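Q: Please take a close look at the side-chain pairings here, beginning with the aromatic rings. After that, I would like to hear about the surroundings and the chain as a whole.

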Amino acid sequence: MVLNSNGKKPFKNSSSHSERAPAKPGLQARSAAVKILAAVVDKKLPLDGALDHENGNPAYKALGENDRALVRAILNSALRHMPRIDAAIASLLDTPLPEGARALHHVLAVGAAQILYLDVPDHSAVDLAVEQANGDPRNRRFAKLVNAILRRIGREKEEILASVADVPAMPDWFLARLKKAYGKDAALAISESQLEPAAIDLTVKSDAAGWAARLNGAVLPTGGVRLAAFDGSIPSLEGFEDGAWWVQDAAASIPAKLFGDLTGKRVADLCAAPGGKTAQLILAGGYVTAIDQSESRLKRLRSNLARLGLQAETLATDLTKFQPDEGFDAILLDAPCSSTGTTRRHPDVLWTKGPEEISKLAGVQERLLRHALTLLKPNGVIVFSNCSLDPAEGEDVIARVLADVPTVARVPIDPAAWPGLEQAISPVGDFRTTPVMLPMSDGIASGLDGFYAAMLRRVA
């Protein structure tokens, strides 16, 4: 045996792969959840990107499918309930966490999300959180604190949930904007609504009542179908392979429907991918040109149209530089936005966006709209829409354009044409949906995405 210089046996590196103890079951999943939560909240990275099976977070990609599902559930719960989780943790601390203890906060948040909002055994959530703290040099000295806080959350779960029930489920910056736009009561109702899972809505080619019966759903005021809860995957449902329908939130289906019959008309769908609205415009009879800046997104659009048995001209280009030889009779501009109307599906949005980005996106939308208006034929119509709840990205954009573009006029939407959604038509005749609208019954989920849509006509 070889001895080192002091005559002792050489130190064996316990961290070598061959000597390392196997990780506790579930630890890798919780570690991945903590890493991704930090990326979303601290670095403002989108959750969908982190959870992408091919290009997502490496810690997530290394997991099996069951663990991936657990990570998704943890992150969705943590992000939806973050203000309440923060309040619960803060109420149990004698002093606030140190300023630089973000990693520790995320370990506690992931543990608390499991105990308070998921069907995960408390002891497992606590034990694995303590294991994470011990395994991180930044958090090791706080391991006993993690154990104490999470055990207490488990013991006092009902009392803690009751104590934070009145904490709004949205960050303060966005709730303040909602209160200004909709009033305090409506803003708080919208905030609470994002805690409910989003429904699955289908846009059908025809026979909505028949498909509702076959798929155990309900016909919506938009003419689509909303599914009740079901087991299995979307592609396994009747009609998917045949291209009889596609998944599209009820609110997202509204803008294309505002045109009515497009038979024989030349139509442009700007910012078109992934293609749900393009398909609607084709079915309405239009000769559709689908335009998007991203060729990869257009590839997905073409694939979706192929499944549906539909065809459109597609063009990958910068919209602001697009100059067709001939104008269009109708244009749909579903503009890029903050997506704050989709928080039931994308709970990370309010943690990755902020007032500055909303202002920036509103500027982009206005530039796109002003250019799109130049592509219309005389008497042509354009529908401007997006899935933001913030008037800065909707009503304010339209107001500025109407104020200084004399060649266009608003086409008011008639509430009588939308039974069941009359409340979504504003006094000036624009569409404004919020997640608290569209109540349903008989086991069918209520609500829809927040959306804005306005129709303008070129009058000269």
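**Side-chain pairings, up close**

A: Happily, there is a clear place to begin: the count comes to 5 aromatic pairs. The rule takes rings of Phe, Tyr and Trp (its six-membered ring) as paired if their centres lie within 6.5 Å, with planes under 30 degrees apart counted as stacked, over 60 as edge-to-face and the rest as tilted. For tryptophan 173 and phenylalanine 174, the ring centres are 5.3 Å apart and the planes stand at 65 degrees, so this pair is edge-to-face.

Before going further, please keep in mind that this is a predicted model, in which local features need pLDDT of at least 70 and side-chain atom pairs count only at pLDDT 80 or more, while totals for chains, interfaces and linings use all residues. Residues are numbered from 1 along each chain as its sequence is written, and side-chain values use heavy atoms, with hydrogens and water left out.

The two rings also have their own levels of cover. Phenylalanine 174 is buried, at 0% relative accessibility, whereas tryptophan 173 is partly exposed, with a relative accessible area of 22%. Here buried means under 20% relative accessible area, exposed over 50%, and partly exposed in between (1.4 Å probe, protein chains only).

Now to the charged pairings. Side chains of opposite charge can pair when their charged atoms come close. The whole structure has 25 salt bridges, each being a side-chain nitrogen of Lys or Arg within 4 Å of a carboxyl oxygen of Asp or Glu. One of them joins aspartate 42 to arginine 102, with the closest N and O atoms 3.1 Å apart. Aspartate 42 belongs to helix H1 (residues 27–43) and arginine 102 to helix H6 (residues 102–117), so this bridge ties together parts that are 60 residues apart in sequence. Helices here (H or I, at least four residues) and strands (E, at least two) are DSSP runs, numbered from the N terminus. Aspartate 42 is partly exposed at 37% relative accessible area, and arginine 102 is partly exposed at 34%.

Another salt bridge links arginine 410 and aspartate 430, at 3.0 Å from N to O. Arginine 410 sits in strand E10 (residues 408–410) and aspartate 430 in the loop between E10 and strand E11 (431–433), so the pair ties together parts 20 residues apart in sequence. Arginine 410 is partly exposed, with a relative accessible area of 27%, while aspartate 430 is buried at 2%.

Arginine 297 and aspartate 292 form a salt bridge too, their closest N and O atoms being 3.5 Å apart. In that bridge, arginine 297 is partly exposed at 38% relative accessible area and aspartate 292 is buried at 7%. Beyond these pairs, Asp249, Arg344, Arg345 and Asp449 are linked in a network of salt bridges.

Next, the surroundings. Asparagine 139 is placed in the loop between helix H7 (122–135) and helix H8 (143–155), and this asparagine is buried at 2% relative accessibility. Leaving aside neighbours within four places in sequence, asparagine 139 is in contact with Ala103, Leu104, Val107 and Ala133, where contact means heavy atoms within 4.5 Å. In helix H8 itself we find arginine 151, which is partly exposed, with a relative accessible area of 45%. The C-alpha atoms of arginine 151 and isoleucine 115 are separated by 9.3 Å, with their positions 36 residues apart along the chain.

Helix H14 (residues 276–283) also deserves a look: 7 of its 8 residues are buried, so the helix is largely enclosed by the rest of the structure. Among the buried residues of H14 are Lys277, Gln280 and Leu281. Just after H14, glycine 285 takes a positive phi of about 105 degrees.

Finally, stepping back to the chain as a whole, there are 18 helices and 12 strands. The C-alpha atoms fill a box of roughly 95 × 50 × 45 Å along the principal axes. Buried residues make up 50% of the 460 residues. Of the contacts with a separation of 6 or more, 69% come from residues 24 or more positions apart.
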